[in-house]
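Colleague: I am sitting with a first-year student who would like a close look at a single part of this model. Could you start there and then walk us outwards to its surroundings?

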Amino acid sequence: MSAFQPVVRVSGTAVAVPGDDIDTDRIVPARFLKAVTFDGLGDALFYDERHAPDGGKKGHPLDDPARAGATVMVTGANFGCGSSREHAPQAIRRAGFRAVVGGSFAEIFFGNATGIGLACVRLEEGDLADLTRRVQEDPTLVVTVDLEAMRVEAGGRGYAASMPESARTALVTGTYDPLAELLEGLEDVKRTAAALGHEVRR
Amino acid sequence: MHDRPRSLLDKVWDAHAVRTLRSGQTQLFIDTHLVHEVTSPQAFAMLRDLGLEVLMPERTFATVDHIVPTHTRVEPFEDPMAAEMIAHLRRNVAEHGITFFDVGSGKQGIVHMVGPELGLTQPGTTIACGDSHTSTHGAFGAIAFGIGTTQVRDVLATQTLALSKPKLRRIEVNGRLGPGVYAKDVILHIIRTLGVKGGVGYAYEYAGDVFDRMTMEERMTVCNMSIEGGARFGYVQPDETTIEYLRGREYAPQGAAFDEAAERWLSFRSDPGCRYDDVVEIRAEDVPPTVTWGVNPGQAVAIDEPVPRPEDVPESERAAVAEALAHMKLEGGKPIAGTPIDVAFFGSCTNARLSDFVEVARYLAGRRVHPRVKAIAVPGSERVKAECERLGIDRVFKAAGFEWRDAGCSMCLAMNPDRLVGDQLCASSSNRNFKGRQGSPTGRTVLMSPVMVAAAAVTGEISDAREVFGVGREVVA
């Protein structure tokens, strides 16, 4: 439970999954939650968007061979709305992505993603549309998400990005898994519990 | 100490703030942690890997709801994964000494039904669960929200979470709801008005005389869908209705301790003049019986309105409207009423409480489900089921042609065998109409109140319950 690898900069090719209000049921359909581990979830990512009912591929950008190995996902606003399933960010991460660039993020998703070191940064609408178009046009375009400069760079063009400061700090210092720090506060936790009238075993 | 007027959110937050973390977030104490079989096994495994214990096992309560079959309770369950996940939960709660409401205990049910029924859900408390509809418990004036599995681990190990305090929006609904307009319509209308991302970054405080007059079960329906409007949680302030609901419940304080607790609970009400980041006012008279037409809960219309055409909406939304219409196989500009349905689902943590069944039974008595329609009624908990059976409500549903099921989440998210097939269209009392939500990637969901589900079941098409059943006419008569 020591500090995790800091997430300061993510650089790599990208996949665009455009559209607003992409819900976590779409990111990982519920039937893939029937498991007692998160292993193998990368294959479940956007499963029903990628596969026809007969199992054949629909030609989703995630299946574009030219984009194999991409580490940045570019999407729309309110990404990750709906169900609290952590399986959604787990699947994105296990499919190789280390950063998601979007217009905004649903809160539970954002917290879950940050907690596992998946950086979610926002761009202004016009910049996001520009980046999305350029990613769609060029599968070799390298996108860099820089959490120190709070910028997204791609092919010589830069965009101002944003993210809540608490999440940014946690990622760049490698303290995004809060458990160690929460455990440090156990004496204070017991004090708060007692003040709330709860019986506290020593 | 607190001269400044404070909202309920401020008061609950302040009382539960353990300390400020280095990131600036708050380490927040969680009074009540609810656990179910789908989002917890990995959390218990992480705890085991780290060699950690459950810090306060008496503050965690578990049940099975998501994956449990509702057509039979005979074990082993047909689905081996369902059996395995439930076995994991049984093992985990036994190992850590966590109270568990198992199938057949008489207390099992959807976790958001169980908490209130047993009196675990109390005003002024913090409640977390690995399920986004934990917002339901806000009906009691609790700060209650969904969390991910790693956070389930955090609560198990420390009884706290690292969180940022949201902004607060007061949503006032005043006036008189029209006949045939239910709590479900109120929240669908709010989401339609503010949008599915309107609540991101906010908590919602539902206020005004419409909420004051609502029963606890109606308030739960509203708070349940806060998350569908983007708000991680929403609450109604505790009042006499809240206190009377909790009196005598198993886990509520008893005797003199109850009166003391009640006084404390009321002290959490927002102070007059407290600060809101935003205030929205809605006239009750403007809330129609509402149904969704698209693939998120904000894509909704009044039952007597046409479905929108892409050209009717701002350019930025056109593609989304076109995509939703294509998935739903609906034509813009045409009325939603009259759309044939294949399945009627009456259940879920939004609307499967006793009052929902009582209300539907009033209208369903003597009616028959349309021959084309598969109709299932899934009580939210074993208690609701037993109470319905005591009142003879099950017989009304069975006589009408509904399948009468055991308690669980069922076709709300289709993790058990209850699911749509192909592009079936379902009139559903649940909370999400996302693509694929009800178990078929091409399945279609239309959200509505339970009485509207019954109307659709009877006529075989999306219908105005006011016309089908004369809902509300008895008020005028």
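Which residues in helix 4 of chain A are buried?

Modeller: Happy to! This is a predicted model, in which local features need pLDDT of at least 70, side-chain atom pairs count only at pLDDT 80 or more, and totals for chains, interfaces and linings use all residues. Residues are numbered from 1 along each chain as its sequence is written, while chains are lettered from A and ligands numbered from 1 in the order in which they are written.

Now to your helix. In helix 4 of chain A the buried residues are A:Glu107, A:Ile108, A:Phe109, A:Phe110, A:Gly111, A:Asn112, A:Ala113, A:Thr114 and A:Gly115. Buried here means 20 or more other C-beta atoms, placed from the backbone, within 10 Å of the residue's own (12 or fewer is exposed, and in between is partly exposed). Because 9 of the 9 residues of this helix, 107-115, are buried, helix 4 of chain A is largely enclosed by the rest of the structure. Helices (H or I, at least four residues) and strands (E, at least two) are DSSP runs, numbered from the N terminus.

What does the helix pack against? Within chain A, the buried residues of helix 4 pack against helix 1 (24-27), helix 3 (87-94), strand 4 (119-123) and helix 6 (165-172). From chain B, strand 7 (143-146) and helix 5 (149-158) join in. Just after helix 4 of chain A, A:Gly117 takes a positive phi of about 80°.

Let us step back to the whole of chain A. Its secondary structure comes to 8 helices and 7 strands, and 45% of its 202 residues count as buried. The C-alpha trace of chain A spans about 60 × 45 × 25 Å along its principal axes. Among the contacts in chain A with a separation of 6 or more, 69% are between residues 24 or more positions apart; a contact means C-beta atoms, placed from the backbone, within 7 Å.

Strand 4 of chain A, one of the neighbours of our helix, also belongs to a barrel. In chain A, 7 strands close into this barrel in the order 1-2-3-4-7-6-5, with mixed pairing. The twist averages 35° from one strand to the next. Two strands pair if DSSP finds at least two bridges between them; strand 6 (151-154) and strand 7 (157-162) of chain A have 4, in the antiparallel sense. There, A:Val152 has A:Tyr159 as its bridge partner in strand 7 of chain A. Helix 5 (125-137) of chain A packs on the sheet, touching strands 1 to 7 of chain A, and its direction makes about 80° with that of strand 1 of chain A. Such angles run from 0 to 180 degrees between N-to-C directions, with axes as lines fitted to C-alpha atoms, for helices over the stretch in contact.

Now the partner chain. In all, 56 residues of chain B are in contact with 51 residues of chain A. Helix 5 of chain B, which we met beside helix 4 of chain A, gives 7 residues, the largest share of the side of chain B that touches chain A. By class, that side has 21 nonpolar, 23 polar and 12 charged residues. Ala, Val, Leu, Ile, Met, Phe, Trp, Tyr, Cys and Pro count as nonpolar, Asp, Glu, Lys and Arg as charged, and the others, Gly among them, as polar.

Chain B also has an open sheet of 3 strands in the order 1-2-8, with antiparallel pairing. Its edge strands, strand 1 and strand 8 of chain B, each pair on one side only. The twist averages 25° from one strand to the next. Strand 1 and strand 2 of chain B are joined by 3 bridges in the antiparallel sense, and B:Ala17 has B:Leu28 as its bridge partner in strand 2 of chain B. Here the chains meet again: helix 8 (186-195) of chain A packs on the sheet, touching strand 1, strand 2 and strand 8 of chain B. The direction of helix 8 of chain A makes about 150° with that of strand 1 of chain B.

For a last comparison, look at strand 3 (32-35) of chain B, whose two faces are both covered. B:Thr32 and B:Leu34 are buried on one side, and B:His33 and B:Val35 are buried on the other. In a regular strand the side chains alternate between the two faces of the sheet. B:His33 stands opposite B:Ala128 in strand 6 of chain B, and its bridge partner in strand 4 of chain B is B:Thr60.

Conventions. Contact = placed C-beta atoms within 7 Å.
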